[in-house]
Amino acid sequence: MYKIILAIRYLIKRRITYFAVLAVALCVFIVVVVMTVMTGLVSDFKQKNRDFVGDCIVGTESLVGFTYYKDFMTMMEETDFIEGVSPVIKSYALISRAGSQHCYGVEIMGLDPVRHSQATSFGQTLYYRKADAAKAFVPTYDPNLPGCVLGIDLALPRDSNSSYPYAVSPAEIGYSISCFPLTAKGALAKAGLGEINTQTFYFSDHSQSGLAREDSSLVYLPFEQAQLLCGMAGPLERANAVHIKFKPNLKLNAGCEKVASLWQMFKQQKAGEEQADLLDTVTVQSWKDYRRAFIAAMEKEQTMMTVMFAFVGITTVFIVFVVLYMIISHKSKDIGILKSVGVSNADIVELFSGFAFLIGFLGSGVGLSAGWLFLIRINRIEKWLFEHFDFQLWDRTIYAIGDIPNQVSPKVLVVIVISAIVACLAGALVPCWQAAKSKPIETLQVNQL
Amino acid sequence: MLKIFLWLRYLRKKKIVFLSIAAVALSVSLLMVVASLFSGFIDALRQAAVETVGDVVISPPIKFAKYELLIQRLEQMKQVEAATATLSAPSLLHLGKGNVRAVHVWGIEPARRAKVTGFNKFLRRQGQSDKEPSFDVPGFPERIGGFVGIAVVAEPNEKTDEYDFAAIEKMIGEQVILTTGAVPAAQEFESAAAQVKRRTLKFTIVDIVFTGVYELDKKFVYLPIEELQEKLYPNESGRVADQIQIKLSPGTSADVAIAQIRGLWQSFVDEQLDGAWYLRNTDIETAEQMQNPYIAELRKQMGVLLLIFGVVSFGVVVLIFCIFYMIVSLKQKDIAIIKSCGTPSSSVALIFVGFGACVGMVGSGIGIAVGCIVTKNVNAIEGWVRIIFGLKLWKSSVYMFSRIPNEVDWASALPIVLLAIAAAAIGTLIPAIVAARTRPVEILRYE
């Protein structure tokens, strides 16, 4: 009981401890704000990637693609853990808008909009056909024309509020799309005959996935048309990937393992058939592995930021050390008296450790509250700064970010609070040890009193 | 003299002062490293822009003819050392079995380009020799040669972020196919009917370009400007280009040079290009000006990060306050004796404020030294982290450059040091005031 009383007494009576609490609060405040924003951005980015590709991808990096994808899809659909399966064609193309003098390089993705909306969140990314993804490639102005869906940043500029100037209905614009059709061996299918396939598609919708790279470089085409364009149609049709969505109750790794074993079985069944060697280039990956090149970069930034804040947090350890060192120096008589009435060294250490714990706890509490208050207003503050000083933390015309994430994650909070308390306890170690080592006979000598 | 004596004494006797020096050093080194890395990145971006397109760029909205005459006139100006023309178009490149890339093809004059941008040093084969770079295909004079960016051919190793140069150089001599497109000259101004015509061209890779800037190495293919023009604009009688890149003479002011170049360009348009209004007011800017939006954004991010770390480093002020408050509390008798010998209160206060400033100076000095060492060796440190933890922190595909820029930003050092000294002095203010208000008669009373 006396430990709690003394710890609280030192906290209240010794004004110097307020500075230690202030220092801890300041560090916690900054860390809470920065880590919440970073964690929010990373989580948002991961979720957008997952929405874009589904849960699992069976595919190849090669633009040649692989055969017998339809048989594999049939096999998948017969299982009870698959919710949606969608085949996809991927390639590079040159696109030029009718009436424009310029052409530019894009990536094309051929897909079936209904299937793809079941396997991924493709339907949700559309603008005009959000309610009816089946008509994604059907231009409203002429249903007989072959439609194409453009990544939003290919067609419209983003303003400083992250909004786009959508037209009331899709404009009638033709796009000429050309690409190299490839044979199953990767050679040019039209070598000596012009080398490329070109077809005109008509703008039918925008797609906004929230992924800057995809929205600025992807054009979505109807699956069969893309197959023809890329030379993948014919008696042995090819596709580049199959996107899969699992049923909600299935864990990601378990689902991917099941798909991988089914794929191995399928490969063995098809061994010896024509062009079955293309199946050797196919891998089965979860969405995390498939998109790791992009996600890893952001996670690494988060890790580096954490390490840098850890260095800065060392200052907090120093402050707590100095404050406790000071208090223990001044309170040597108190400690001498306590020890002379029978308090053990361990109890002395516990007393001052408890005091350090209180500093950490209080400082974290103040820092967390201030951080939370700042975060719930962070977007309003940014808007105010933009209106009055033309300052935006992230220029929305350059960065594909909406509102600054401000949802405080309980996990992050707990880690920060524990780290702050541990830092305070670390700072208290040496002073506590010194206090425990002090001898009452020396501190209570007459000339010391 | 008294001050220095007391400072040295407290430094010897109160080892805890070293803690405040360490805290100042830590904060200063962190701010220094952050400022240097960001500034280095911005400088590298500027440098890459100059090495890609020269000092000044003339970028008309559409292609124009008679560029050789324009270049001749430009090179007669004393402000201009060399100039070269380029023609560009987006393209698809078929590199081999199933390997297709979306690239940007530049038609260039390699010898002239080497004078404007130092282009030859980026060539893996021809960069070793003193000869002017050339597209000639050894043994096949009738073939068209081309240079290809290194990342077009192969990606760097995922773990080490390094290229397998031996494997990549095996592509030299390979024939590849490029398809590109342009609007025929006759349709240029018929916007409704204009249709981009696709053209295909076969060329032999004669060299690999490695600039160290991932975006450039991944996107660009270089062909002879005449060959590209023949494909894109076969009906053009004269030579055409869509950009002129200029190297200025050493010591030339960019603003003065741009004004002179603009005057020359407008005269050229009036005389040779029928005074076309859409060409007269063409963008003429330095390579650095072209990067301004990105550099402004980077500077903003640097400012925000420095502010964040600066605010946290405010804890140093609190630490110094605590330490000096403790020293003043414990050394009250010393202070009382000094005052009783006639030292005024202001001098007593200055002793402690001065000591705080010295702590700030020493800490800043150590911090700057540590910051410099870390910045200069950042690539080695990154290598050790990769070897020890298996974590590749810096990737060219993410951060644009193959190597982390590691030049120390001395311009940032002075403000950081001054701020550190001021922070340390501020931290000692209250203890100094307490010391100054000490009453010798109360402290020195015998009890």
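**Entry 1: a loop in chain B**

I started at B:Asp161, which sits in the loop between helix H5 (150-153) and helix H6 (165-169) of chain B. Worth writing down at once: I am working on a predicted model. I looked up the backbone of B:Asp161 and found a positive phi of about 60 degrees, although the residue is not a glycine. Most residues other than glycine have a negative phi, so I made a note of it. Is B:Asp161 buried or exposed? I get 21 C-beta neighbours inside 10 Å for B:Asp161, and the cut-off for buried is 20 or more, so B:Asp161 counts as buried.

**Entry 2: another positive phi, and a glycine**

Next I went to B:Met400, in the loop between helix H17 (396-399) and helix H18 (410-427) of chain B. Its phi is near 80 degrees, again a positive value in a residue other than glycine. B:Met400 has 16 C-beta neighbours inside 10 Å, so I put it down as partly exposed.

While in that part of chain B I checked helix H16 (residues 378-389). At 1.5 Å a residue, its 12 residues should span 16 Å, and the end C-alpha atoms are indeed 16 Å apart, so the length agrees. After H16(B) comes B:Gly390, with a positive phi near 70 degrees.

**Entry 3: B:Ala411**

I then picked B:Ala411, which is in helix H18 of chain B. With 9 C-beta neighbours inside 10 Å, B:Ala411 counts as exposed. I also looked up its separation from B:Ser36: the two are 375 residues apart in sequence, yet 9.3 Å apart in space, C-alpha to C-alpha.

**Entry 4: the kinked helix in chain A**

Over to chain A and helix H11 (residues 292-330). How far apart should the ends of its 39 residues be? At 1.5 Å a residue I expect 57 Å, and the end C-alpha atoms are 56 Å apart, so I call that agreement. H11(A) does have a kink of about 25 degrees, centred on A:Phe311.

**Entry 5: where the chains meet**

I looked at the contact between the chains and got 52 residues of chain A against 46 residues of chain B. Which element gives the largest share of chain A's side? That is H11(A), with 15 residues. The elements of chain A that each supply at least two residues are helix H2 (16-53), strand S3 (82-97), strand S4 (103-111), strand S6 (174-179) and H11. By class, chain A's side divides into 34 nonpolar, 14 polar and 4 charged residues.

**Entry 6: domains**

For chain A, the assignment gives domain 1 (2-46 + 295-448) and domain 2 (61-281). Their C-alpha centres lie 51 Å apart. I find 6 residues of domain 1 and 8 residues of domain 2 in the contact between them in chain A. The domain 1 side of chain A has 2 nonpolar, 3 polar and 1 charged residues.

I did the same lookup for chain B, where domain 1 is 2-45 + 295-443 and domain 2 is 61-281. The C-alpha centres of these domains of chain B are 50 Å apart. Here 8 residues of domain 1 are in contact with 7 residues of domain 2. I sorted the domain 1 side of chain B into 2 nonpolar, 3 polar and 3 charged residues.

**Entry 7: cores**

What sits inside? The largest nonpolar core has 141 residues. Those with the most contacts inside it come from both chains: A:Cys148, A:Cys179, A:Val219, A:Ile244, B:Val209 and B:Val221. Strand S3 (residues 80-96) of chain B gives this core its largest share, 9 residues.

I listed the partners of A:Ile244, leaving out residues up to four places away in sequence; among them are A:Cys56, A:Val58, A:Met76, A:Ile82, A:Val85 and A:Val259. Apart from this core lies another, of 102 residues, including A:Leu26, B:Ile335, B:Val359 and B:Ile368.

**Entry 8: A:Leu11**

My last stop was A:Leu11, in helix H1 (residues 2-13) of chain A. It has 17 C-beta neighbours inside 10 Å, so A:Leu11 counts as partly exposed. Not counting residues up to four places away in sequence, A:Leu11 touches A:Thr17, A:Phe355 and A:Leu358. I also noted A:Gly336, which is 325 residues from A:Leu11 in sequence and 20 Å away in space, C-alpha to C-alpha.

How values were computed. Residues are numbered from 1 along each chain as its sequence is written. Chains are lettered from A and ligands numbered from 1 in the order in which they are written. This is a predicted model: local features need pLDDT of at least 70, side-chain atom pairs count only at pLDDT 80 or more; totals for chains, interfaces and linings use all residues. Helices (H or I, at least four residues) and strands (E, at least two) are DSSP runs, numbered from the N terminus. The expected span of a helix is 1.5 Å times one less than its number of residues. The bend at a residue is the angle between axes fitted to the seven residues ending there and the seven starting there. Domain bounds come from an automatic or database domain assignment. Two residues are in contact if their C-beta atoms, placed from the backbone, lie within 7 Å. Ala, Val, Leu, Ile, Met, Phe, Trp, Tyr, Cys and Pro count as nonpolar, Asp, Glu, Lys and Arg as charged, and the others, Gly among them, as polar. A residue is buried if 20 or more other C-beta atoms lie within 10 Å of its own, exposed if 12 or fewer, and partly exposed in between; C-beta atoms are placed from the backbone. A nonpolar core is a set of buried Ala, Val, Leu, Ile, Met, Phe, Trp, Tyr and Cys residues joined through C-beta atoms within 7 Å.
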